[in-house]
2 protein chains.
Amino acid sequence: MTPAAPSDGTGPQLRADAARNRARILAAARAAFRERGTAAPLDEIARRAGVNIATLYRRFPDGEALIRQVVIDGYTVLLRAAQTAVREASDGALPAIEHWLLGLVAEREMLVLPLIGGPVVNDAEALAIQRELGGLLDELLATARDQGAIRPDVTAADLTTTVALACRPLPHLDAATGQVLAERHVRVFLDGLRPGPDPISPLPSGPTLDEVLARVYADGPTPTPDNTTQR
Amino acid sequence: MTPAAPSDGTGPQLRADAARNRARILAAARAAFRERGTAAPLDEIARRAGVNIATLYRRFPDGEALIRQVVIDGYTVLLRAAQTAVREASDGALPAIEHWLLGLVAEREMLVLPLIGGPVVNDAEALAIQRELGGLLDELLATARDQGAIRPDVTAADLTTTVALACRPLPHLDAATGQVLAERHVRVFLDGLRPGPDPISPLPSGPTLDEVLARVYADGPTPTPDNTTQR
DNA sequence: ATCTAACCGCAGGATATCCTTCACTTATTC
DNA sequence: GAATAAGTGAAGGATATCCTGCGGTTAGAT
């Protein structure tokens, strides 16, 4: 994401070819990060993008800046999807959640680092987006509960967890196959969201999304993986 | 191969301290791979294991051998769990599946590379285990369907997908928090497995487990990530 | 049509990791 | 308690990646 158009406060307007290449680089980076982790060689990303390595460094000062942009773009996708879901929720919250979750699975190629991990966490912009996202999901869930459309013990943290789990690449599988399997999984999960008369499994208590975010950004004990580095 | 005990056909019996260190190295490798991907520096693994790098290289000829062992150990856990589940299924297949899945989530620290990915795929031993695993899951599902305990459109591929998704580390989170969130997710999924009268989401057709395995081992188009390499 | 931003190809130094090797010390086993 | 497998510490060459810089070429903007 983030073609030539002004998406963040970054650019003073790029020339057409520069914007094109920037988009290509980001797409290549997403693919490479999904396949090989953030340690994917920048040379390879440039090659995949059909661009010279010098061009990559002209666009992004260093590897970290590239990672950061991919992360931000992913968050932006998440944010937009949540906004749409909240808008749709009044006409039926459960279908809205369904639409939201399946839509994210369909867009999973865009969702790389927020889910997969990555070093760029202490980022003000990312944090702001994530907080807003949490608010939207709470709103969505509140609406669903009011409508009696969902089991009451599901939290926003559960929704983000599901996105994080279901939108990651499945190892060794091509994107299409992973997509189908992820969608099937999510559909079963969605069925489990309904306020059944006799839930098999009462959910054990878990942290709220705020608590989760606090642990993440408070430099949690675990260093943090990102995706994967193929050896 | 693994601890001191005879697990596979590998060792001529290790001395006590050697076995201890070997186990420590494998535990450290699992942790490092989960956090940083298979590209985690071997020096770091040795350090975490409280062992000299030379000892690591004495035990494992190279990094790939270490990865391979971690993979095999993970598959072994999967296999044992499936065997237990099949044994329990006659007394109620759905509780058996529940027990199986939650047990794997609890043991997720052991399940590193089969799920996360990793370069060691074309391995006869791993392939054999995976096939056996598929057979056991089919058996489990057949029993569950006979008992009318599960929706009929769920396949063995769905079960392995769920394990693969739910047992991976959640980025930026410590193990305990990730564990809780994964368990909650799995419990909702389990509720979605029941043969409800009105499933929200009919599952779209997907590949069988055999087809999935074939794609994986037939050198699927996508190179394959493993876990993640932190930068 | 012209001007200039952006791209390309390439070379090179810095750093990190891999893996090996060797002499010496420690811990286990019998 | 003696024999020996195993572990330690350290040094070093090989490789890969990061990132920078420069002259020359191409493509977009006005």
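This is a short tour of a predicted model, with stops at chain A, its core, two DNA strands and two helices of chain B.

**Stop 1: chain A as a whole**

Start by selecting chain A and showing it as a cartoon. You should find 10 helices and 0 strands, so to speak a walk from one α element to the next, all the way from the N terminus. Now switch on the surface. The accessible surface of chain A amounts to about 9200 Å², and carbon and sulfur atoms own 53% of that. Of the 231 residues in chain A, 57% count as buried. If you like contact maps, here is a figure to go with the cartoon: among contacts in chain A with a separation of 6 or more, 78% join residues 24 or more positions apart.

**Stop 2: the largest nonpolar core**

Hide the surface and look inside. Which residues touch the most other members of the largest nonpolar core? Select Ile45(A), Leu66(A), Ile97(A), Trp100(A) and Leu104(A), which hold that place in a core of 71 residues. Then colour helix 4 of chain A, residues 63-89: this helix gives the most to the core, with 14 residues.

Stay with Leu66(A) for a moment and show its surroundings as sticks. Setting aside neighbours within four places in sequence, Leu66(A) is in contact with Ile25(A), Leu26(A), Ala29(A), Leu42(A), Ile45(A), Leu56(A) and Phe60(A). Another core lies apart from this one; it has 70 residues, including Ala40(B), Ala89(B), Val212(B) and Val216(B).

**Stop 3: Arg131(A)**

Next, pick Arg131(A), which sits in helix 7 of chain A, residues 124-146. Beyond residues up to four places away in sequence, Arg131(A) touches Asp210(A) and Leu213(A). For a sense of scale, draw a distance from its C-alpha to that of Val105(A): the two are 26 residues apart along the chain and separated by 21 Å.

**Stop 4: DNA strand C**

Now bring in the DNA. Select strand C together with the 21 residues around it; Arg15(A), Asn52(A), Thr55(A), Arg20(B) and Leu42(B) come nearest. What share of the strand C atoms within 4 Å of the protein belongs to sugar and phosphate? The figure is 75%.

Zoom in on the phosphate oxygens of strand C. A polar side-chain atom of Thr55(A) lies 2.5 Å from one, while Arg20(B) places a polar side-chain atom 2.7 Å from a phosphate oxygen of this strand. For Asn21(A), the distance from a polar side-chain atom to a phosphate oxygen is 3.1 Å.

Zoom out again and colour the helices on this side. Helix 1 (16-36) and helix 3 (53-59) of chain A, along with helix 1 (16-36) and helix 2 (42-49) of chain B, each supply at least two residues of the surface near strand C.

**Stop 5: DNA strand D**

Move over to strand D, which has 23 residues around it. Arg20(A), Leu42(A), Arg15(B), Asn52(B) and Thr55(B) come nearest. Of the strand D atoms within 4 Å of the protein, 69% belong to sugar or phosphate, and bases make up the rest.

There is a base contact to look at here: a polar side-chain atom of Arg15(B) lies 2.5 Å from a base nitrogen of strand D. On the backbone of the strand, an N or O atom in the side chain of Arg20(A) is 2.8 Å from a phosphate oxygen. Ala16(A) uses a backbone N or O atom instead, 3.5 Å from a phosphate oxygen of strand D.

Helix 1 and helix 2 (42-49) of chain A and helix 1 and helix 3 (53-59) of chain B each supply at least two residues of the surface near strand D. Helix 3 of chain B gives the most, with 4 residues.

**Stop 6: two covered helices in chain B**

Finish in chain B with helix 5, residues 93-106. Its 14 residues reach 20 Å from first C-alpha to last, close to the 20 Å expected. In this helix 10 of the 14 residues are buried, among them Glu98(B) and Trp100(B). Show helices 4, 7, 8 and 9 of chain B as well, since the buried residues of helix 5 pack against them.Then select helix 8 of chain B: 10 of its 11 residues are buried, so the helix is largely enclosed by the rest of the structure. The buried set includes Asp158(B), Thr161(B) and Thr162(B). At the start of helix 8, look for a side-chain oxygen of Thr155(B), which reaches to within 3.3 Å of the backbone nitrogen of Ala157(B).

Definitions and conventions: Residues numbered from 1 in each chain as written. Chains lettered and ligands numbered in written order. Predicted model: local features only at pLDDT ≥ 70, side-chain atom pairs only at ≥ 80, totals over all residues. Heavy atoms only, no water. Buried < 20%, exposed > 50% of the residue type's maximum accessible area, 1.4 Å probe, protein only. Contact = heavy atoms within 4.5 Å. Areas by Shrake-Rupley, 256 points an atom, 1.4 Å probe, with all protein chains shown as cover. Expected span 1.5 Å × (residues − 1). Core = buried A, V, L, I, M, F, W, Y, C linked by side-chain atoms within 4.5 Å. Near = heavy atom within 4 Å. Polar contact = N/O pair within 3.5 Å; in protein donor to acceptor, adjacent residues only side chain to side chain.
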